[in-house]
Amino acid sequence: MAINRRDFLKFSAGTGLVLATDAKVSAAREKKELSPDAVGILYDATLCIGCMSCMVNCKKANAEPGGALYHKETAGQIPYEYEGEEQKYDAPTSLSDKTLCLIKAYRGKSEKEEGEGEFSFIKQHCLHCVDPACVSACPVQALKKQPGTGIVTYDKNRCFGCRYCQVACPFGIPMYEWEKSSPSVVKCQLCNHRIAQGGYSACCEACPTGASLFGKVTDLQEEAKRRLNLKAGDTYAYPVNHIEHGKTTEQVVPEYVDHVYGLEEAGGTQYMFLAGVDFDKLGFNPKITNQVYPDLTWEYVSHVPQLIGTLLVAGTVTRLVTQRMEKKNKDNESGE
Amino acid sequence: MESNPNIKTWTPATMVMVVLIIVGISVGLYRMIYGLGATTNLNDAYPWGFWLGLDVLGGVAMAAGGFIIACAVYLFNWKKYRPIVRPAILTAFLGYLMAVLALFLDIGHPFRLWHPSIMWQYQSVMWVVAMHVIFYTTTLALEFSPMLFERLGWEKARRAVGKIMVGAVIFGVMLSTLHQSSLGAVFLISPSKMSPLWWDTKLPFHFLVSAVAMGLAMVSFETALSKKFLHHEVDKEIFTGLARGLLIVLGFYLLLKLYQLFTVASPAMAFDGSVEGNMYLLEMFLGVILPVAILAVKKYRNDLKVIFAVNIIVIIGVILNRMNVCLFSQESYGAWRGLGYSPSWKEFLVSLGVISIGVFLYKMSAKHLPLFSH
């Protein structure tokens, strides 16, 4: 046999040294910047009237081929939450494998004025992080951030179902088809299939008040900051549907909470929020920080090549030293 | 070489195991046909449950004994432990097989288990974990193969493996060290969901050190069992040596955990009466503080019966730790989302079946393979 023990040791030590010294392998992770062509949604809770048109249109649009709810086996059917008679009344209470987009209502007591409570709607779906935890977590690149649009898409043919994306996503967005024997992850893909055909997100298309506004993220960020600078009580021409389409509606400016949610959270997201009520009350996990989540695991993963190298060298050296010591002991014994 | 006549194949315990295996396989088949929802109580707030916590995380930690003893014998040349190197490697091999089996059932598409090997995503800890599982299971098969070759009388094959054994051990130690820590690193990405009683940037290191403790306890535990039931005579020194090692590792782990408690979390969190706090206290008192306190007394450290009992609570303690990290640390997050999780009876039966397969194969190996003749 060509390979003997010594060769093997040389090999392991050699590989180890190469890996241990190759600092380039563990170079700092590239900071993901927002693409200039990135698209997203600005949701202004103060404009939302809770009509749920967005939910209805979302379900319809995504049940079509290419949509996030489309399945060959159930082509042509809209995936309702309830079966049978109840199908007519489709009001999910949380995101699920059948619901990508959800309007929820918050009702609370105001501290300022007695009797009159705070009230707000909130729309939940994937936030399309600038640097998404789920994409960094997925071991098979089933979840990808599209170059250009920055949409986080999902490829069910790559996914093997480890569900690490569900663990990783700080917003708790990816849902799993638990009831299927051949399940997929389900999440909003910002109507990537419609954008590919020149359209835009179904929820924004259906929104009558401009609460869900589609556009380039940079434009939306400007729009959001502009709104925060408006004086409450003035009127403002709010863009509707798509920020580039020029359609507007005149509304009285409400009292905003001085924060654009999604500008900094989790390192920034392409879906942003404005509201008149504290965001903690609107169903956002208060433990979410501005941390770029993938950095947390990269801090470990980036060191793996060096660790491999160091451990191989350490193992080989230990073996060589203990062998030499044994030989010395034996020589001493036979010398006596 | 002949089969060991001292070991009877059909004992009541074996028959119970065979029944559990058959039941486990049946439920496993049910899961393959009807899916995870019909079999488990997993949900979108608890995507990982009992199988992941016990069979995968626990099973892999249990297998740590393999690389520790191989490292002690082949790299540090501590000859004292040579008699237990084969059982330790076998345990590791079976531990990994069990983990792979559980993973196979746990992932949504079992027959795509191989996907990570061609669809690379090197930024993902999960990919790193998957690669380690593949390489380390292969390495363990190689380290295990001499027992099979000896039994079959394949001298040439045995000698060929013998030549690369040391290299395999060096690779195995590297792979295993990284795999244990990578499993901890998996959870680094969810500080917004886990209780700070467990989440820490040093989680990979915590996992590694506790796995070493678990490995030592496991090797000592099963050596004692083989001594009693499989009539395998071993020196008392092996047990006391392992107990000393356990004391050192567990003592160090206690310091790590205390440091984490005072810097990242706070003692108040542990004593606030919440589910997380109580589980943390249970894990720490049973699996860490109590064993350290007992082993610190020299008289107990040299008492085989005490060592045996300590090993058991350490094993339970580390398994509890893995369950806590995987499940209970997310209790308040789950409650906030309005979802809870407790395993279904089907999940229990599959886990029991998987464990029974491991124990059954160990026993059969002890009977038919040269496990102790060294």
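# A guided tour of chains B and A

Begin by selecting chain B of this predicted model: its secondary structure comes to 16 helices and zero strands. The C-alpha atoms of chain B occupy a box of roughly 60 × 55 × 45 Å along the principal axes. A compact globule of 374 residues would have a radius of gyration near 21 Å, and the 21 Å of chain B therefore agrees with that expectation. Colour the chain by burial next: buried residues account for 53% of the 374 residues in chain B. Of the contacts in chain B with a separation of 6 or more, 81% are between residues 24 or more positions apart.

**Helix α1 of chain B**

Select residues 12–34 of chain B, which form helix α1. At 1.5 Å a residue, these 23 residues should span 33 Å, and the end C-alpha atoms are 33 Å apart, so the two values agree. Which residues of α1(B) are buried? They are B:Met17, B:Leu20, B:Gly24, B:Val27, B:Gly28 and B:Arg31. To see what covers these buried residues, add α2 (36–39), α5 (85–106) and α16 (345–368) of chain B, which are included in the cover. Then step to B:Gly35, just after α1(B), where phi is positive at about 95°.

**The contact between the chains**

Now display both chains and select the residues in contact: 49 residues come from chain B and 54 residues from chain A. On the side of chain B that touches chain A, at least two residues each are supplied by α1, α2, α4 (64–75), α6 (115–118), α7 (125–152) and α8 (155–185) of chain B. Which helix gives the most to this side? It is α8(B), with twelve residues. Coloured by class, the side of chain B that touches chain A shows 31 nonpolar, 14 polar and four charged residues.

Remain on helix α8 of chain B and select B:Ala157, which lies in it. Is B:Ala157 buried or partly exposed? It counts as partly exposed because it has 15 C-beta neighbours inside 10 Å, whereas a buried residue requires 20 or more. A distance drawn from B:Ala157 to B:Thr137, C-alpha to C-alpha, comes to 19 Å, for a sequence separation of 20 residues.

**A sheet in chain A**

Move to chain A and select an open sheet of three strands, in the order β8-β1-β11 with mixed pairing. Its edge strands are β8 (212–216) and β11 (271–274) of chain A, each of which pairs on one side only. From one strand to the next, the twist averages 25°. Strand β1 (residues 39–44) of chain A runs parallel to β11(A), and four bridges join the two. Within this pairing, A:Tyr43 stands opposite A:Phe273 in β11(A). Add helix α7 (residues 217–229) of chain A, which packs on the sheet and touches β1, β8 and β11 of chain A. The direction of this helix makes about 130° with that of β8(A).

**Two loop residues in chain A**

Select A:Met52 in the loop between β1 and α2 (53–62) of chain A. A:Met52 is not a glycine, yet has a positive phi of about 65°. Its 18 C-beta neighbours inside 10 Å are why A:Met52 counts as partly exposed.

The last stop is A:Gln141, in the loop between α3 (133–137) and β4 (143–145) of chain A. What is the phi of A:Gln141? It is near 55°, a positive value in a residue other than glycine. A:Gln141 has 18 C-beta neighbours inside 10 Å and therefore counts as partly exposed.

Notes: Residues are numbered from 1 along each chain as its sequence is written. Chains are lettered from A and ligands numbered from 1 in the order in which they are written. This is a predicted model: local features need pLDDT of at least 70, side-chain atom pairs count only at pLDDT 80 or more; totals for chains, interfaces and linings use all residues. The expected span of a helix is 1.5 Å times one less than its number of residues. A residue is buried if 20 or more other C-beta atoms lie within 10 Å of its own, exposed if 12 or fewer, and partly exposed in between; C-beta atoms are placed from the backbone. Two residues are in contact if their C-beta atoms, placed from the backbone, lie within 7 Å. Ala, Val, Leu, Ile, Met, Phe, Trp, Tyr, Cys and Pro count as nonpolar, Asp, Glu, Lys and Arg as charged, and the others, Gly among them, as polar. The radius of gyration is taken over C-alpha atoms; the globule rule is 2.2 Å times the number of residues to the power 0.38. Two strands pair if DSSP finds at least two bridges between them. Axes are lines fitted to C-alpha atoms, for helices over the stretch in contact, and angles run from 0 to 180 degrees between N-to-C directions.
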